[in-house]
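Please look through the sequence and the 3D structure below. The report that follows covers charged pairs, aromatic rings, and what is buried or exposed.

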Amino acid sequence: MMLLIVMLLWRRPSPRQMLFLLLAEVLLVNTVIAINGAASNPFNAVLLLPVVLAFMLLSWLSAAMVLSVSIAFQIGQLWLLPRHGDHAAMMLSHYYGMVVGFVLTAVLVAAVVRYLRQRLASREEAIHQLRERQLRNEQLLAIGTAAAQLTHDVATPVQSMRLLIDEIKEQQTTSVALTELDVQLQRVEQQLRNWREVADDVRESRLRPYAIKQLWHSLQHLLLLARPETPIRWHWLITAESRRIYADGTLLPALSNIIINACEAAQGQAAALVHVSANTTDSHWRLKIENPANGVSPDLLLQLGFRLLPSDGGHGVGAVLTNATIEKFHGEVNWCREGDMIVTLVELPLEFHAENHSD
């Protein structure tokens, strides 16, 4: 036993070496106990230590092997007990009780250690996910700060351009090019106003009700403006159209960004068609986007939306922003592959009232 402890402290053995060490320990201790009274030896409780170490350090099957061998040796030692004589007959039931007590204790200890190990593993996984989320939030904070600074910097030249265009119009020297420039500038100004409204909603934690049918039409309108060159098939599979989603102004840009990413991934494919369908369950609204895409590995899909990933078209910032936005409204985004298609599934809770919203 001391040799096992010394080896653990000196050098961490591999799982296979650890299994052999524990089995050798069980065999050695059982041999010593068998020579010194077999099951009547009160020191058989020492055999609980290899069981505990096995369930702490080894896999489930290896630990179960150590437990089974320990129990088998203990049961086998019953055949070494004297069975003749009045004293032996009187003590035989006591010896049986010691073996049964060891078996029950070993199983109970194994179950407790296994449970505690699973709880510890789940807690470590939760801590890991929390660290990943904190890192993602720090990255999003840096991106948001840069976006706010960029918006502030763009607002000043936009205002100057508006003044120059108004002066040119007053001189009655307008042309078709100037009119088109005015239209495009109005779009930029509208985008800046929308961004300020969204920022106010986020800052004040204001949620608004989105009717799912209205949200659907808004997505169609935005995609018609953003990606008119990509064919999109829209499938409305909902009968109850009056249900609502409570969210702030970041919801619509997040959803449209997912579809825009799908359109960009479909570009250059043999079939560039993108399918977008909407459906509902009793408690959730589901948006499903299907687009053809080659060269996307399953490992990349598992990381998409959770960390910034370098690619030819960007760094996955849009997916990370979208995923964080959907999670803020207690929804989730999942990416998977079905044949040659990449499927993005968005789920958002229905009728989630603002009073229940917490972030």
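Arg 286 is partly exposed in this predicted model, because its relative accessibility of 35% falls between the cut-offs of 20% and 50%. Its salt-bridge partner is Glu 347. Glu 347 has a relative accessibility of 14%, so this residue counts as buried. The two side chains meet at 2.7 Å, N to O. Arg 286 belongs to strand 5 (residues 284-292) and Glu 347 to strand 7 (residues 341-349), so the bridge links parts of the chain that are 61 residues apart.

A search of the whole structure finds four salt bridges. The table lists three pairs, among them the one just described.

| Pair | N to O distance | Separation in sequence |
|---|---|---|
| Glu 347 and Arg 286 | 2.7 Å | 61 residues |
| Glu 264 and Arg 227 | 2.6 Å | 37 residues |
| Lys 328 and Asp 248 | 3.1 Å | 80 residues |

Lys 328 and Asp 248 are both buried. Lys 328 is part of helix 10 (residues 317-328), while Asp 248 lies in the loop between strand 3 (244-247) and helix 8.

Why does the bridge between Glu 264 and Arg 227 tie together separate parts of the chain? Glu 264 lies in helix 8 (residues 251-266) and Arg 227 in the loop between helix 7 and strand 2, so the bridge spans parts that are 37 residues apart in sequence. Glu 264 is partly exposed, at a relative accessible area of 42%. Shared partners also join Arg 227, Glu 229 and Glu 264 into one network of salt bridges.

The next topic is the aromatic rings. The structure holds three aromatic pairs. In one of them, the ring centres of Phe 55 and Trp 60 are 6.0 Å apart and the planes stand at 65 degrees, so this pair is edge-to-face; the cut-off for that class is over 60 degrees. Phe 55 is buried, at 3% relative accessibility, whereas Trp 60 is partly exposed, at 45%.

Trp 216 and Trp 234 form another edge-to-face pair, with 5.3 Å from centre to centre and 85 degrees between the planes. Trp 216 lies in helix 7 (residues 212-226) and Trp 234 in strand 2 (residues 232-236), 18 residues apart. Trp 216 is buried, with 3% relative accessibility, and Trp 234 is partly exposed, with 24%. Together with Trp 236, these two residues make up one aromatic cluster. Trp 236 also has a charge over its ring: the charged end of Lys 213 sits 4.3 Å from the ring centre.

Is Ser 70 buried or exposed? Ser 70 is buried, since its relative accessible area is 0%. This serine lies in helix 4 (residues 60-76). Leaving aside residues up to four places away in sequence, Ser 70 touches Val 26, Val 51 and Phe 102.

Leu 108 is exposed instead, with a relative accessible area of 56%. Leu 108 is found in helix 5 (residues 86-170). With Val 112, Tyr 115 and Leu 116, Leu 108 forms a nonpolar patch on the surface, and the accessible area of the patch is about 400 Å².

Some totals describe the whole chain. The protein chain has 10 helices and seven strands. Of its 359 residues, 33% are buried. The accessible surface comes to about 21,600 Å², and carbon and sulfur atoms account for 61% of that surface. Among contacts with a separation of 6 or more, 72% are between residues 24 or more positions apart.

Note on methods
Residues numbered from 1 in each chain as written. Predicted model: local features only at pLDDT ≥ 70, side-chain atom pairs only at ≥ 80, totals over all residues. Heavy atoms only, no water. Phe/Tyr/Trp six-rings, centres within 6.5 Å; stacked < 30°, edge-to-face > 60°. Buried < 20%, exposed > 50% of the residue type's maximum accessible area, 1.4 Å probe, protein only. Helix = DSSP H or I, 4+ residues; strand = E, 2+ residues; numbered from the N terminus. Lys NZ or Arg CZ within 6 Å of the ring centre and 35° of its normal. Contact = heavy atoms within 4.5 Å. Patch = residues over 30% accessible without salt bridge, like charges linked within 9 Å, V, L, I, M, F, W, Y side chains within 5 Å. Areas by Shrake-Rupley, 256 points an atom, 1.4 Å probe, with all protein chains shown as cover.
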